[in-house]
Amino acid sequence: MLLIDCPYCGKRPEVEFAYGGQAHIARPVQPAAYDDEQWSQFLYLRENEKGLRAERWRHARGCGRFFNALRDTTTDFFHGTYKVGEPRP
């Protein structure tokens, strides 16, 4: 079983977590200025490369908090986790 290290609760089984997408996505500064094409790109287009990725996760069946994780998408190995708002290690 894969264990994920929640920065708030410690190591827990993977079934307690939910994937939340790519981490460190900046919201638009002036959202009213975005047209339909820009909104489409912001909402739906994400990087999807193999290798080490910064991802957002939620401890859904635990503390309920979001956090960021560095995960290798080719091996599913978590290289580390950190709280939202902290810089990427």
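**A short tour of a sheet, two loops and a patch**

Hi everyone, let's start with one pair of residues: Ala 18 sits across from Arg 58, which belongs to strand β4. Please keep in mind that what we are looking at is a predicted model.

So where does that pair fit in? Strands β3 and β4 are antiparallel partners, and 3 bridges connect them. Together with two further strands they belong to an open sheet of 4 strands, in the order β3-β4-β5-β6, and the pairing is antiparallel. Which strands are at the edges? Those are β3, covering 18–22, and β6, covering 77–83, and each of them pairs on one side only. If you look at how the strands are turned, neighbours in this sheet make an angle of 35° on average, leaving direction aside.

Now let's move along to β4 and β5. How many bridges join β4 to β5? The count is 7, linking residues 52–58 of β4 with residues 66–72 of β5, and the two strands run antiparallel. You can follow this pairing residue by residue on your screen. Leu 52 faces Asp 72 of β5, and Arg 53 faces Arg 71, also in β5.

Next, the loops, where I'd like to show you two backbone angles. As background, most residues other than glycine have a negative phi. His 24 is not a glycine, yet its phi is positive, at about 65°. Where is His 24? You will find it in the loop between β3 and α1. Is His 24 buried, exposed or something in between? Its relative accessible area is 47%, so it counts as partly exposed, a class that runs from 20% to 50%.

Asp 76 is our second case: its phi is positive too, about 65°, and it is not a glycine either. This residue lies in the loop between β5 and β6. Asp 76 has a relative accessibility of 35%, and that makes it partly exposed.

Last stop, the surface. Which residues form a nonpolar patch there? They are Leu 43, Tyr 44 and Leu 45, and together they have about 370 Å² of accessible area. Let's take Leu 43 from that group. It is part of helix α1, which spans residues 36–44. With a relative accessible area of 45%, Leu 43 is partly exposed.

To recap, we followed a sheet ordered β3-β4-β5-β6, stopped at His 24 and Asp 76 for their positive phi, and ended at the nonpolar patch with Leu 43. Thanks for listening!

Note on methods: Residues are numbered from 1 along each chain as its sequence is written. This is a predicted model: local features need pLDDT of at least 70, side-chain atom pairs count only at pLDDT 80 or more; totals for chains, interfaces and linings use all residues. Side-chain values use heavy atoms; hydrogens and water are left out. Patches are made of residues with over 30% relative accessible area and no salt bridge: like charges are joined within 9 Å, nonpolar side chains (Val, Leu, Ile, Met, Phe, Trp, Tyr) within 5 Å. Accessible areas come from the Shrake-Rupley method with a 1.4 Å probe; for residues, only the protein chains shown count as cover. A salt bridge is a side-chain nitrogen of Lys or Arg within 4 Å of a carboxyl oxygen of Asp or Glu. Buried means under 20% relative accessible area, exposed over 50%, partly exposed in between (1.4 Å probe, protein chains only). Two strands pair if DSSP finds at least two bridges between them. Axes are lines fitted to C-alpha atoms, for helices over the stretch in contact, and angles run from 0 to 180 degrees between N-to-C directions.
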